[in-house]
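Subject: Structure handover

Hello,

Here is the structure I promised to pass on. Please open it beside this note and follow along.

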Amino acid sequence: MGIGKCWKFNDCEQPPYPTIEVTVSSADHKATISPKVDTGFNGSLAIDRESVKTLSLAPVGTTLVKTATGHNEVSLYVVSISQPDLAIIQKTLAIGTKRSLVGRKLLEKRTWLLDCKKGRFCIITD
Amino acid sequence: MRPFLEAVRTFKLKPFRTADLVENLGYATGYARNFLSQATRQRLLVAGPKERKREKTFMVNPSVIRKIILKGGREKEELIEALGLHSKYLGEYIALKGFEVVDHDLNLYTLGERIFSDVEGQDEIVITNVGIPKKIITIEI
(Lines give C-alpha, C1' and ligand atoms only; values in the text may rest on other atoms or scores of the structure.)
Protein backbone atom coordinates (compact mmCIF):
# COMPACT_ATOMS: atom_id res chain seq x y z
CA MET A 1 0.00 0.00 0.00
CA GLY A 2 1.20 3.47 -0.80
CA ILE A 3 0.09 7.03 -0.39
CA GLY A 4 -1.49 8.64 -3.41
CA LYS A 5 -2.83 12.14 -3.82
CA CYS A 6 -2.90 14.22 -0.62
CA TRP A 7 -4.72 17.43 0.25
CA LYS A 8 -3.48 19.78 2.95
CA PHE A 9 -5.58 20.44 6.04
CA ASN A 10 -7.15 23.85 6.21
CA ASP A 11 -5.72 25.68 9.20
CA CYS A 12 -8.11 28.59 9.23
CA GLU A 13 -9.53 27.05 12.42
CA GLN A 14 -7.89 25.07 15.21
CA PRO A 15 -7.34 22.20 15.10
CA PRO A 16 -7.00 22.22 11.29
CA TYR A 17 -9.46 20.11 9.31
CA PRO A 18 -9.15 17.81 6.27
CA THR A 19 -10.29 19.03 2.85
CA ILE A 20 -10.51 17.75 -0.71
CA GLU A 21 -10.33 19.93 -3.79
CA VAL A 22 -13.27 19.55 -6.16
CA THR A 23 -14.33 21.42 -9.24
CA VAL A 24 -18.00 22.28 -9.23
CA SER A 25 -19.77 23.55 -12.30
CA SER A 26 -23.20 24.80 -13.22
CA ALA A 27 -24.55 25.41 -16.71
CA ASP A 28 -22.48 28.58 -17.17
CA HIS A 29 -19.94 28.75 -14.37
CA LYS A 30 -17.15 26.73 -12.84
CA ALA A 31 -15.40 27.01 -9.47
CA THR A 32 -12.77 25.00 -7.65
CA ILE A 33 -13.50 24.70 -3.96
CA SER A 34 -11.93 22.88 -1.00
CA PRO A 35 -14.82 21.64 1.13
CA LYS A 36 -14.32 20.29 4.61
CA VAL A 37 -14.36 16.49 4.80
CA ASP A 38 -17.34 15.57 6.97
CA THR A 39 -17.59 11.84 7.62
CA GLY A 40 -20.83 12.47 9.49
CA PHE A 41 -22.42 13.74 6.26
CA ASN A 42 -24.05 10.86 4.37
CA GLY A 43 -24.54 12.88 1.17
CA SER A 44 -22.12 13.92 -1.55
CA LEU A 45 -21.62 17.68 -1.49
CA ALA A 46 -22.81 20.61 0.56
CA ILE A 47 -22.16 23.96 -0.96
CA ASP A 48 -21.76 27.30 0.82
CA ARG A 49 -23.66 30.48 -0.06
CA GLU A 50 -20.68 32.20 -1.66
CA SER A 51 -20.15 29.29 -4.08
CA VAL A 52 -23.88 29.23 -4.85
CA LYS A 53 -23.55 32.90 -5.82
CA THR A 54 -20.33 32.37 -7.81
CA LEU A 55 -21.90 29.51 -9.75
CA SER A 56 -25.23 31.36 -10.17
CA LEU A 57 -27.06 28.28 -8.98
CA ALA A 58 -30.84 28.30 -8.87
CA PRO A 59 -32.51 26.00 -6.35
CA VAL A 60 -34.34 22.95 -7.68
CA GLY A 61 -35.95 22.00 -4.38
CA THR A 62 -35.83 22.00 -0.62
CA THR A 63 -35.44 19.21 1.90
CA LEU A 64 -35.11 18.50 5.57
CA VAL A 65 -31.69 17.45 6.84
CA LYS A 66 -30.74 16.21 10.28
CA THR A 67 -28.01 18.08 12.11
CA ALA A 68 -26.54 17.81 15.59
CA THR A 69 -29.04 20.38 16.80
CA GLY A 70 -32.18 19.04 15.10
CA HIS A 71 -33.84 19.26 11.70
CA ASN A 72 -33.06 22.04 9.24
CA GLU A 73 -34.52 22.84 5.85
CA VAL A 74 -31.98 23.39 3.06
CA SER A 75 -32.09 24.23 -0.63
CA LEU A 76 -31.13 21.71 -3.29
CA TYR A 77 -29.00 22.51 -6.34
CA VAL A 78 -27.95 20.51 -9.39
CA VAL A 79 -24.19 20.63 -9.92
CA SER A 80 -21.56 18.76 -11.85
CA ILE A 81 -18.64 17.62 -9.73
CA SER A 82 -15.24 16.76 -11.09
CA GLN A 83 -12.42 15.23 -9.05
CA PRO A 84 -9.89 13.52 -11.33
CA ASP A 85 -7.88 11.90 -8.51
CA LEU A 86 -11.03 10.10 -7.39
CA ALA A 87 -12.12 9.46 -10.99
CA ILE A 88 -15.32 11.36 -10.26
CA ILE A 89 -17.22 13.22 -12.94
CA GLN A 90 -20.88 13.31 -12.05
CA LYS A 91 -24.01 15.39 -11.99
CA THR A 92 -25.51 15.35 -8.53
CA LEU A 93 -27.66 17.19 -6.05
CA ALA A 94 -25.85 19.47 -3.65
CA ILE A 95 -27.39 20.89 -0.52
CA GLY A 96 -27.00 24.52 0.46
CA THR A 97 -25.24 25.01 3.80
CA LYS A 98 -23.17 27.60 5.69
CA ARG A 99 -19.89 25.98 4.65
CA SER A 100 -18.98 23.59 1.86
CA LEU A 101 -18.68 19.91 2.84
CA VAL A 102 -17.71 16.67 1.18
CA GLY A 103 -19.69 13.70 2.45
CA ARG A 104 -19.33 9.94 2.60
CA LYS A 105 -21.01 9.47 -0.77
CA LEU A 106 -17.88 10.91 -2.43
CA LEU A 107 -15.45 9.20 -0.06
CA GLU A 108 -16.80 5.67 -0.27
CA LYS A 109 -14.98 2.89 -2.12
CA ARG A 110 -11.59 4.39 -1.22
CA THR A 111 -9.11 3.86 1.58
CA TRP A 112 -8.07 7.09 3.24
CA LEU A 113 -5.25 8.34 5.41
CA LEU A 114 -6.12 10.99 7.94
CA ASP A 115 -2.67 12.24 8.82
CA CYS A 116 -3.15 14.78 11.57
CA LYS A 117 0.57 14.87 12.35
CA LYS A 118 1.48 16.09 8.89
CA GLY A 119 -1.82 17.87 8.33
CA ARG A 120 -2.85 15.99 5.22
CA PHE A 121 -5.71 13.84 3.96
CA CYS A 122 -4.58 11.26 1.42
CA ILE A 123 -5.81 8.45 -0.82
CA ILE A 124 -4.23 5.11 0.02
CA THR A 125 -3.25 3.20 -3.10
CA ASP A 126 -3.06 -0.60 -3.43
CA MET B 1 -52.56 31.90 2.55
CA ARG B 2 -55.12 29.93 4.54
CA PRO B 3 -58.01 30.29 2.01
CA PHE B 4 -55.56 29.57 -0.82
CA LEU B 5 -54.53 26.29 0.82
CA GLU B 6 -58.20 25.47 1.43
CA ALA B 7 -58.82 26.02 -2.29
CA VAL B 8 -55.87 23.75 -3.17
CA ARG B 9 -57.14 21.07 -0.78
CA THR B 10 -60.70 21.24 -2.08
CA PHE B 11 -60.40 21.87 -5.83
CA LYS B 12 -56.81 20.87 -6.72
CA LEU B 13 -56.68 21.19 -10.55
CA LYS B 14 -60.39 21.77 -11.04
CA PRO B 15 -61.78 25.21 -11.88
CA PHE B 16 -64.08 26.80 -9.30
CA ARG B 17 -66.47 29.75 -9.00
CA THR B 18 -67.26 32.19 -6.21
CA ALA B 19 -70.33 30.11 -5.45
CA ASP B 20 -68.17 26.98 -5.02
CA LEU B 21 -66.15 28.72 -2.32
CA VAL B 22 -69.36 29.68 -0.58
CA GLU B 23 -70.86 26.19 -0.85
CA ASN B 24 -67.79 24.05 -0.21
CA LEU B 25 -65.79 26.16 2.20
CA GLY B 26 -68.60 28.07 3.92
CA TYR B 27 -67.18 31.48 3.04
CA ALA B 28 -69.41 34.56 2.94
CA THR B 29 -69.84 35.78 -0.66
CA GLY B 30 -67.99 39.05 0.05
CA TYR B 31 -65.08 37.23 1.66
CA ALA B 32 -64.90 34.75 -1.24
CA ARG B 33 -64.88 37.59 -3.82
CA ASN B 34 -62.22 39.45 -1.87
CA PHE B 35 -60.05 36.37 -1.67
CA LEU B 36 -60.44 35.65 -5.39
CA SER B 37 -59.53 39.17 -6.40
CA GLN B 38 -56.51 39.29 -4.06
CA ALA B 39 -55.27 35.80 -4.97
CA THR B 40 -55.61 36.57 -8.68
CA ARG B 41 -53.61 39.77 -8.24
CA GLN B 42 -50.92 37.78 -6.43
CA ARG B 43 -50.96 35.21 -9.28
CA LEU B 44 -51.86 32.44 -6.80
CA LEU B 45 -54.93 31.86 -8.94
CA VAL B 46 -55.42 32.14 -12.68
CA ALA B 47 -58.56 32.46 -14.78
CA GLY B 48 -60.24 29.15 -15.49
CA PRO B 49 -62.46 28.26 -18.45
CA LYS B 50 -65.78 30.12 -18.67
CA GLU B 51 -68.62 27.67 -18.08
CA ARG B 52 -71.46 30.08 -18.61
CA LYS B 53 -71.66 33.63 -19.90
CA ARG B 54 -70.42 36.21 -17.39
CA GLU B 55 -69.53 33.54 -14.87
CA LYS B 56 -65.84 33.59 -14.10
CA THR B 57 -63.99 30.52 -12.92
CA PHE B 58 -60.63 30.34 -11.23
CA MET B 59 -57.89 27.73 -10.95
CA VAL B 60 -54.87 27.36 -8.74
CA ASN B 61 -51.81 28.57 -10.64
CA PRO B 62 -49.62 25.43 -11.01
CA SER B 63 -46.40 27.49 -11.08
CA VAL B 64 -47.14 28.71 -7.55
CA ILE B 65 -46.61 25.17 -6.26
CA ARG B 66 -42.92 25.30 -7.22
CA LYS B 67 -42.47 28.76 -5.69
CA ILE B 68 -43.94 27.70 -2.36
CA ILE B 69 -41.83 24.52 -2.23
CA LEU B 70 -38.67 26.52 -2.97
CA LYS B 71 -39.57 29.02 -0.25
CA GLY B 72 -39.88 26.16 2.24
CA GLY B 73 -41.05 26.43 5.81
CA ARG B 74 -44.54 26.02 7.17
CA GLU B 75 -46.28 27.05 3.96
CA LYS B 76 -44.52 24.24 2.10
CA GLU B 77 -45.59 21.71 4.73
CA GLU B 78 -49.18 22.96 4.60
CA LEU B 79 -49.22 22.90 0.79
CA ILE B 80 -47.94 19.30 0.67
CA GLU B 81 -50.63 18.35 3.17
CA ALA B 82 -53.28 20.23 1.15
CA LEU B 83 -52.19 18.40 -2.00
CA GLY B 84 -52.92 15.14 -0.18
CA LEU B 85 -49.37 13.83 -0.59
CA HIS B 86 -48.83 12.70 3.01
CA SER B 87 -50.97 9.61 2.68
CA LYS B 88 -49.10 8.32 -0.38
CA TYR B 89 -45.52 9.53 -0.03
CA LEU B 90 -44.82 10.06 3.67
CA GLY B 91 -41.09 9.67 4.34
CA GLU B 92 -40.19 9.85 0.65
CA TYR B 93 -38.76 12.45 -1.71
CA ILE B 94 -40.99 13.56 -4.55
CA ALA B 95 -40.50 15.40 -7.84
CA LEU B 96 -43.41 17.71 -8.59
CA LYS B 97 -44.36 19.31 -11.88
CA GLY B 98 -47.21 21.63 -11.01
CA PHE B 99 -49.67 19.39 -9.17
CA GLU B 100 -48.34 16.18 -10.60
CA VAL B 101 -45.89 13.90 -8.81
CA VAL B 102 -43.70 12.86 -11.73
CA ASP B 103 -41.40 10.63 -9.68
CA HIS B 104 -40.64 9.62 -6.09
CA ASP B 105 -38.00 7.68 -4.20
CA LEU B 106 -36.79 6.96 -0.69
CA ASN B 107 -33.32 8.05 -1.77
CA LEU B 108 -32.84 11.73 -2.62
CA TYR B 109 -29.80 11.13 -4.83
CA THR B 110 -31.40 8.32 -6.82
CA LEU B 111 -34.39 10.55 -7.50
CA GLY B 112 -32.13 13.48 -8.42
CA GLU B 113 -30.18 11.33 -10.88
CA ARG B 114 -33.36 10.21 -12.64
CA ILE B 115 -34.92 13.65 -12.78
CA PHE B 116 -31.94 15.78 -13.65
CA SER B 117 -30.07 13.47 -16.03
CA ASP B 118 -32.17 15.06 -18.76
CA VAL B 119 -31.73 18.81 -19.30
CA GLU B 120 -35.22 19.41 -20.61
CA GLY B 121 -38.07 20.33 -18.29
CA GLN B 122 -35.81 20.93 -15.27
CA ASP B 123 -37.09 24.45 -14.78
CA GLU B 124 -40.60 23.25 -14.04
CA ILE B 125 -39.73 20.40 -11.68
CA VAL B 126 -39.13 20.78 -7.97
CA ILE B 127 -37.87 18.15 -5.55
CA THR B 128 -38.86 18.00 -1.91
CA ASN B 129 -39.49 15.76 1.08
CA VAL B 130 -42.87 14.64 2.35
CA GLY B 131 -42.68 14.64 6.13
CA ILE B 132 -39.44 13.48 7.72
CA PRO B 133 -37.54 11.43 5.12
CA LYS B 134 -36.96 7.78 6.05
CA LYS B 135 -33.51 8.10 4.45
CA ILE B 136 -32.71 11.55 5.72
CA ILE B 137 -29.50 13.41 4.89
CA THR B 138 -27.44 13.84 8.05
CA ILE B 139 -24.73 16.38 8.68
CA GLU B 140 -22.68 16.13 11.85
CA ILE B 141 -21.52 19.72 11.90
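Two strands count as paired if DSSP finds at least two bridges between them. Please keep in mind that this is a predicted model.

**The sheet in chain A**

With that rule, chain A shows an open sheet of three strands. The order is β1-β11-β10, and the pairing is antiparallel. The edges belong to β1 (2-8) and β10 (111-115) of chain A. Each has a single partner strand, so one side of each is left without a neighbour in the sheet. On average, neighbouring strands here are turned by 30° against each other, direction ignored.

Now the pairings. β1(A) and strand β11 (residues 120-125) of chain A run antiparallel and are joined by five bridges. Within this pairing, A:K8 has A:R120 as its bridge partner. A:W7 has A:F121.

On the other side, five bridges join β10(A) to β11(A), again antiparallel. Here A:L114 is partnered with A:F121. A:F121 is therefore a bridge partner of both A:W7 and A:L114.The hairpin of β10(A) and β11(A) has four residues between the strands. In that hairpin, A:G119 takes a positive phi near 65°.

**Where the chains meet**

How many residues of chain A are in contact with chain B? There are 27, and they touch 24 residues of chain B. Three elements give two or more residues to the side of chain A that touches chain B: β6 (61-67), β7 (70-83) and β8 (88-97) of chain A. The largest share, seven residues, comes from β6(A). By class, this side of chain A has twelve nonpolar, ten polar and five charged residues.

β6(A) also pairs with a strand of the other chain. Its partner is strand β5 (residues 125-129) of chain B, in the parallel sense, over two bridges. A:T62 stands opposite B:T128 in β5(B).

**Two helices in chain B**

Look next at helix α1 (residues 2-11) and helix α5 (residues 73-82), both of chain B. Their axes come within 8 Å and cross at roughly 25°. Angles under 35 degrees count as roughly parallel, so α1(B) is roughly parallel to α5(B).

Which residues make the contact? From α1(B) come B:L5, B:V8 and B:R9. From α5(B) come B:E78, B:L79 and B:A82. By class, the contact has four nonpolar, no polar and two charged residues.

Best wishes

Terms used: Residues numbered from 1 in each chain as written. Chains lettered and ligands numbered in written order. Predicted model: local features only at pLDDT ≥ 70, side-chain atom pairs only at ≥ 80, totals over all residues. Axes fitted to C-alpha atoms, helices over the stretch in contact; angles between N-to-C directions. Parallel < 35°, antiparallel > 145°, perpendicular 65-115°, else oblique. Contact = placed C-beta atoms within 7 Å. Nonpolar A, V, L, I, M, F, W, Y, C, P; charged D, E, K, R; others polar.
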